[in-house]
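Hi everyone, thanks for making time for this. Please have a look at the sequence and the structure on the screen, and then I'll walk you through a few parts of them.

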There are 2 protein chains.
Amino acid sequence: MPTIKDVAKAAGCSTATVSRALASPEKVTEATRQRVARAIAEVGYAPNVAARNLRRAESRTIVTLLPDISNPFFSEIINGMEEVAHQAGYQLLVGDCERDPARAEAYFSLLPTNQADGIILLTSDIPHALVRRAVSRANAPLVMACEFFADIDLPTVAIDNYQAAAHAIDYLASLGHERIASVSGPVGNPICRERTRGYRDTLAARGLSGSARVVEGDFGFRSGYQQGLALLEGTDRPSAIFCHSDEMAIGVLKAARQLGIGVPEALSVVGFDNIGFSEYCEPELTTVSQPRHEIGQQAMRMLLSLLAGESVVRRQTLSTQLIVRKSTGRSAT
Amino acid sequence: MPTIKDVAKAAGCSTATVSRALASPEKVTEATRQRVARAIAEVGYAPNVAARNLRRAESRTIVTLLPDISNPFFSEIINGMEEVAHQAGYQLLVGDCERDPARAEAYFSLLPTNQADGIILLTSDIPHALVRRAVSRANAPLVMACEFFADIDLPTVAIDNYQAAAHAIDYLASLGHERIASVSGPVGNPICRERTRGYRDTLAARGLSGSARVVEGDFGFRSGYQQGLALLEGTDRPSAIFCHSDEMAIGVLKAARQLGIGVPEALSVVGFDNIGFSEYCEPELTTVSQPRHEIGQQAMRMLLSLLAGESVVRRQTLSTQLIVRKSTGRSAT
DNA sequence: CTGAAAGCGCTTACAG
DNA sequence: CTGAAAGCGCTTACAG
């Protein structure tokens, strides 16, 4: 590959001038700029990024950490991040943590070695010590999206999980449901706690506290299916189930089908996330939709601002939408 | 961050020795190795990767290009790649091309600038010129997984698409089906052509050529749904439909449901890929399963061998499995 | 086995 | 506005 020297020779100037023509064209005369441009085309020059990064002590790479890449919930968020990152000349490295602390640690270690300029966390399920260490320097290039830590204050882009859950439960109650159960994500997860708070408070406001019932899943199909079976086979069967993910809701749908319980006639089910699949399951799923693309975009913008030393709104709350489809209906009782 | 100089000072040796203790410990005495190790721990040293990359003219980064990150089919493949890559000290950069030639070009340009050491293609839907240019040097660090080009010979890890389709059609025919339609992926796609060949040849072998019917989808839910409607509303309705993806099969399921056509009583449906969802749709989907994790692993191993200058088996064919679930049954006619 | 030294390809403070 | 020169943090051929 030709280097900046070759360009300088072809343009009849110094390497410093070539570098400037590239990095800060305004510091160079129009004529020079053009000669350099022609020389670059002539020799087929492309800058060596490793050299540039070494010199500038940056990597132009952003890492995003997520708990499970196979969850389609994340893909649209990643697309949003990528869009903004590429526009700004950054690359996105997608890191799948898979609940493995070692993996998370490996990705965090990219920060001090200048292999990554910043991290966007899409999971709170990583060692807090890791985050604390990274956060200790002021203006640490860390942003949280969708999730948050109960005990570490990070710039965050998310929805109002409390409100979103409250809204879903209100809707179910307005349909006449009085026994509304919930399949939560991991109960240690702060956003699940928020949703469960919204769930409980809304039931209480409706005088339905007595029937509150929360079981724990892991966001995946299987856990929804299993908890759905447990809930529906037991005595005092709920007439509606609010799930913290679409996958779990679809698992519940399968459980109901297997038990011969009609949805929505005998059971209403609400999911969370509005993944593509939710329109194609049977029946089509009523669900809480988050603006995933926008969350990704905003999180990346926030991180880029941090990197630029700009001050940022530390908490951005985007709005959700309850999408009513076919899995919910009036209570039969 | 401390540099190699700080370590050298702390260990009482030269930077060259520190470097060697790290890169080729066998070139250094045991005592030196230990002093260096202690010094590294003492000063908290971590190598600057940009500097190392610049010096070594490599990036230790592999790019994988895929057509659509939101397709869950790819996640398990990516996991397989990541696993092998990390073990070998490489990073995986996941590039979503979204049918945009400019994106593909941007990722390919990482190669000559040493920002990436190799590329694994999970899509054939990119400008061939790009691939040709990259392939022109001998032992180009390019590997194809799942897909292939009709006109460019690249080291490949894939299944036998012809056989897999033939197997599925054989199974359907053995169930008594005589009108078997197919919802193909993009017809320009070589793997779809292979599957369609397998489909046609098998029908012919059974004397069923007359009823062959192939419509085109794009692998997504919606196209399966639309083509399903078209196929099922028309005259001479098929009694079985073979789809080139699970998402399309699930779309067909929805179309059948909407038209009141029972599956599998009145219609059998076979998908392709065995995505997680295929177990949770109604009815559970019979599908062709590919060893996705293994495909990812093998593709990465192949690329790493190429990078090491080793010779590789240029065509690795992994086996598929027909997973029979509830969406297929004996023909009613 | 070890060290001095050159050099990977850039960028930038300094001088003019 | 432009150039000479130093230096980012490593690695490695060369000598000893």
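Let me start with a question: is the crossing in which α4(A) passes α4(B) left-handed or right-handed? It is left-handed, a word used when the near helix is turned anticlockwise from the far one by less than a right angle, with right-handed for clockwise.

Before going further, some ground rules. This is a predicted model, in which local features need pLDDT of at least 70, side-chain atom pairs count only at pLDDT 80 or more, and totals for chains, interfaces and linings use all residues. Residues are numbered from 1 along each chain as its sequence is written, chains are lettered from A and ligands numbered from 1 in the order in which they are written, and side-chain values use heavy atoms, with hydrogens and water left out.

Helices (H or I, at least four residues) and strands (E, at least two) are DSSP runs, numbered from the N terminus.

Back to our helix pair. The axes of α4(A) and α4(B) come within 8 Å and cross at roughly 145°. Axes here are lines fitted to C-alpha atoms, for helices over the stretch in contact, and angles run from 0 to 180 degrees between N-to-C directions. On one side of the contact (heavy atoms within 4.5 Å) are A:A50, A:A51, A:N53 and A:L54, and they meet B:A50, B:A51, B:N53 and B:L54. By class, that contact has six nonpolar, two polar and no charged residues. Ala, Val, Leu, Ile, Met, Phe, Trp, Tyr, Cys and Pro count as nonpolar, Asp, Glu, Lys and Arg as charged, and the others, Gly among them, as polar.

Now the DNA. How many residues surround DNA strand C? There are 26, and the closest are A:S19, A:R55, B:T17, B:R20 and B:T32. A residue is near a strand if one of its heavy atoms lies within 4 Å of it. Sugar and phosphate make up 63% of the strand C atoms that come within 4 Å of the protein.

Some polar contacts (pairs of N or O atoms within 3.5 Å; within protein, one must be able to donate a hydrogen and the other to accept it, and residues adjacent in sequence count only if both atoms are side-chain atoms) are worth finding on screen. The side chain of B:R55 places an N or O atom 2.9 Å from a base nitrogen of DNA strand C, while A:Y45 has one 2.8 Å from a phosphate oxygen of that strand. As for the surface near DNA strand C, α4(A) gives the largest share, five residues.

What about DNA strand D? Among its 26 surrounding residues, A:T17, A:R20, A:T32, B:S19 and B:R55 come nearest. A polar side-chain atom of A:T32 sits 2.4 Å from a phosphate oxygen of DNA strand D, and the side chain of B:R52 has an N or O atom 2.7 Å from a phosphate oxygen there. For the surface near DNA strand D, the largest share, five residues, comes from α4(B).

Last stop: the sheet in chain A. Six strands form an open, parallel sheet in the order β2-β1-β3-β4-β5-β11, where two strands pair if DSSP finds at least two bridges between them. Its edge strands are β2 (91-96) and β11 (315-318), each pairing on one side only. Inside it, β1 (residues 61-66) and β3 (residues 118-121) pair over four bridges, and A:V63 has A:I119 as its bridge partner. Helix α6 (residues 101-108) packs on the sheet, touching β1, β2, β3 and β4 (142-145) of chain A.
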